[in-house]
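Q: Could you zoom in on one part of this model and walk me through it, then show me what else is worth a look? Keep it informal, but give me the numbers.

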Amino acid sequence: MSPRRAASPAKRRRATTKPRSKRKSTARRRKPGTRRQAAIRLRRRKILQRVLVSTTAVLVLGGLLALIPLGLARDPAPICIDEPQTFPEAGIEGWSGEQLENAATIVRTAAGLGFPREGQILGVMTAMGESSLRNIDYGDWETSGFTNPDGSRTTSIGLFQQQDWWGSAEQRMDPATAATLFFDRLGRLPDWQSMTPSHAIHRVQINMDRDYYSRFQADATAVVDALSGPCE
């Protein structure tokens, strides 16, 4: 047998070289086409957008759930003028407890007599200045030794520190009756609504300083407005 001849270089190259169709197929598998790359990017972008939308929704919902209890905590309970148990324990502008109950009596009495908000404020201002809204059974004589112009000792008592000529001790020590006595005299001033509030009170109380009650106007306004709100 004759010896096997070695393959020529050209044949060896043909034998080791892959067909062109196979080379193209491999290239396509390794590197996606332009359209496919664009589709992949678009799909990834949509997934990312959905994730961001879901995350944002969760954060917003969580924030709202956290704010709701805070809003409820800040929303004050309604104050009902006829229900002292609804009056805030912390008070209104520093006035609390018995003081607010007496203020409520003054406001109810004024409203029952037909006096509007302005008159109600004047009544509360007066009691703030005269007795700190406390129904006390003593007055200027006991605390300061004040006397009347004729030299007699003062007999002022109650919320409005009214003297003997206002009425009996029982009347002056009853908050509603004392308030009625005050508003009866206030109503006799035909121009009280056009006067400076403290000056109108001065005309009723006949005190020494007609501007004395001005310092209580803001507090009295806050108290009257708080007590005049709806009960529900």
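**A loop tryptophan, and the helices beyond**

A: In this predicted model, W165 sits in the loop between α6 (140-144) and α7 (169-173). Is W165 buried or exposed? Its relative accessible area comes out at 55%, and because the cut-off for exposed is over 50%, W165 gets that label. Exposed doesn't mean without partners here: once you set aside the neighbours within four places in sequence, W165 still touches N148 and R185. For a backbone yardstick, take T155, which is ten residues away along the chain; its C-alpha atom is 9.3 Å from the C-alpha of W165.

Stay in that loop for a moment. Q161 is also placed between α6 and α7, and its backbone deserves a glance: phi is positive, about 50 degrees, even though Q161 is not a glycine. Its relative accessibility is 8%, so with buried defined as under 20%, Q161 falls in the buried class. So the loop holds an exposed W165 and a buried Q161.

If you like positive phi values, there are others to check. S132, in the loop between α5 and α6, has a phi near 55 degrees, again in a residue other than glycine. S132 counts as partly exposed, because its relative accessibility of 35% lies between the 20% and 50% limits. Then there is I206, which follows α9 and has a positive phi near 55 degrees.

I206 is a handy bridge to the largest pocket. Which residues of its lining are closest to its centre? They are D140, Q205, I206, N207 and M208, out of 24 lining residues. The pocket itself holds about 600 Å³ of space. As for helices, α5 and α9 (197-205) each contribute at least two residues to the lining. The chemistry of that lining is mixed, with ten nonpolar, ten polar and four charged residues.

Now look at α9 from the inside. Its buried residues are S198, H199, A200, I201, V204 and Q205. The cover over those buried residues includes α5 and α8 (175-186). Q205 therefore turns up twice, as a buried residue of α9 and as one of the residues closest to the centre of the largest pocket.

Next, α5 and its packing with α4. Helix pairs like this are summed up by two numbers, the angle between the axes and the distance between them. For α4 (residues 98-112) and α5 (residues 117-131), the angle is about 145 degrees and the axes are 9 Å apart. The crossing is right-handed. On the α4 side, the contact uses A103, I106, V107, A110 and A111, while α5 brings Q120, G123, V124 and A127. Sorted by class, that contact has seven nonpolar residues, two polar ones and no charged ones.

Some of those α4 names come back when you look at α8. T180 is a residue of α8, and its C-alpha is 8.4 Å from that of I106, although 74 residues separate them along the chain. Leaving out neighbours within four places in sequence, T180 makes contact with T109 and L113. T180 is partly exposed, at 25% relative accessibility. A176, also in α8, tells a related story: V107 is 69 residues away in sequence, yet the C-alpha to C-alpha distance is 9.6 Å. Beyond its neighbours within four places in sequence, A176 touches T105 and T109, so T109 is a contact of A176 as well as of T180. At 31% relative accessibility, A176 is another partly exposed residue.

Finally, zoom out. How many helices and strands are there in the protein? Ten helices and zero strands, so the pattern along the sequence reads α-α-α-α-α-α-α-α-α-α. Of the 232 residues, 30% are buried. Among contacts with a separation of 6 or more, 54% join residues 24 or more positions apart.

How values were computed:
Residues numbered from 1 in each chain as written. Predicted model: local features only at pLDDT ≥ 70, side-chain atom pairs only at ≥ 80, totals over all residues. Heavy atoms only, no water. Axes fitted to C-alpha atoms, helices over the stretch in contact; angles between N-to-C directions. Helix = DSSP H or I, 4+ residues; strand = E, 2+ residues; numbered from the N terminus. Left-handed = near helix turned anticlockwise from the far one by under 90°. Contact = heavy atoms within 4.5 Å. Nonpolar A, V, L, I, M, F, W, Y, C, P; charged D, E, K, R; others polar. 1 Å grid on protein atoms, 1.4 Å probe; cavity = no way out; pocket = protein on both sides within 12 Å on 5 of 7 lines; lining within 4 Å. Points joined across faces, edges and corners; volume = space filled by probe spheres on them. Buried < 20%, exposed > 50% of the residue type's maximum accessible area, 1.4 Å probe, protein only.
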